[in-house]
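Reader: I am new to this structure and should be grateful for a close look at a single part of it. Would you kindly take one loop and describe what surrounds it?

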Amino acid sequence: MSGINDDLVGYRVEASDGHIGSVDRHSPDAGRDFVVVDTGPWIFGRHVLVPAEVITRVDAEERTVHLAATKAEVKDSPDFESGRHEDDVAVIRLIEQYYANRHM
């Protein structure tokens with residue numbers, strides 16, 4: 001799903017097996033789209049970067065973003081420090097590869 005915008009900030013985020021947090025912000029990098037998800041207390045307030053391709057559906061009426069990833073997959077995703085890694089190409093590629101290869 002491309003063309004994500006800041007209108008999603010505050011939306012609930014649902015993994016394929018349950019609630020994981022809310023959209024903190026949108027982070028475009030070199031034409032790539034991502035959402036930064038604040039997981040709140042679920043995994044100790046960690047922020048995770050989720051590529052737009054992992055988003056399966058956005059329900060504007062329910063203000064919810066649905067992912068094609070489980071809670072465990074999101075929890076086990078590579079570390080991302082909000083405000084620090086948005087411009088780190090190596091970190092972005094690592095996260096993209098993680099989500100692309102997680103079913104192998």
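Author: The following account begins with one loop and then turns to the sheet, the helix and the salt bridges.

The model is a predicted one. The loop chosen here joins β3, residues 34-38, to β4, residues 47-51, and Gly-45 lies within it. Gly-45 counts as partly exposed, because its relative accessibility is 34%, a value between the limits of 20% for buried and 50% for exposed. Leaving aside residues up to four places away in sequence, Gly-45 touches Asp-38, Thr-39 and Gly-40. Between Gly-45 and Gly-21 the C-alpha to C-alpha distance is 9.2 Å, while 24 residues separate the two in sequence.

Arg-46 belongs to the loop between β3 and β4 as well. The side chain of Arg-46 forms a salt bridge with that of Asp-79, with an N to O distance of 3.6 Å. Asp-79 is found in the loop between α1 (71-75) and α2 (89-101), so this pair ties together parts that are 33 residues apart in sequence. The two partners fall into separate accessibility classes: Arg-46 is buried, because its relative accessible area of 16% is under 20%, whereas Asp-79, at 62% relative accessibility, counts as exposed.

The strands on either side of this loop belong to an open sheet of 6 strands, arranged in the order β4-β3-β2-β1-β6-β5 with mixed pairing. β4 and β5 (55-59) are the edge strands, each pairing on one side only. On average, neighbouring strands of the sheet are turned by 35° against each other, direction ignored. β3 runs antiparallel to β2, residues 18-26, and 4 bridges join the two. Within β3, Val-35 stands opposite His-26. The helix α2 lies across β3 and β4, and α2 runs at about 65° to β4.

The salt bridge of Arg-46 with Asp-79 is one of 4 salt bridges counted in the model. Among them is the pair of Asp-24 and Arg-25, whose closest N and O atoms are 3.8 Å apart. Both of these residues count as partly exposed, Asp-24 at 30% relative accessibility and Arg-25 at 25%. Another salt bridge joins the side chains of Asp-59 and Arg-57, at 3.8 Å from N to O. Arg-57 is partly exposed, with a relative accessible area of 44%.

Key: Residues are numbered from 1 along each chain as its sequence is written. This is a predicted model: local features need pLDDT of at least 70, side-chain atom pairs count only at pLDDT 80 or more; totals for chains, interfaces and linings use all residues. Side-chain values use heavy atoms; hydrogens and water are left out. Helices (H or I, at least four residues) and strands (E, at least two) are DSSP runs, numbered from the N terminus. Buried means under 20% relative accessible area, exposed over 50%, partly exposed in between (1.4 Å probe, protein chains only). Contact means heavy atoms within 4.5 Å. Two strands pair if DSSP finds at least two bridges between them. Axes are lines fitted to C-alpha atoms, for helices over the stretch in contact, and angles run from 0 to 180 degrees between N-to-C directions.
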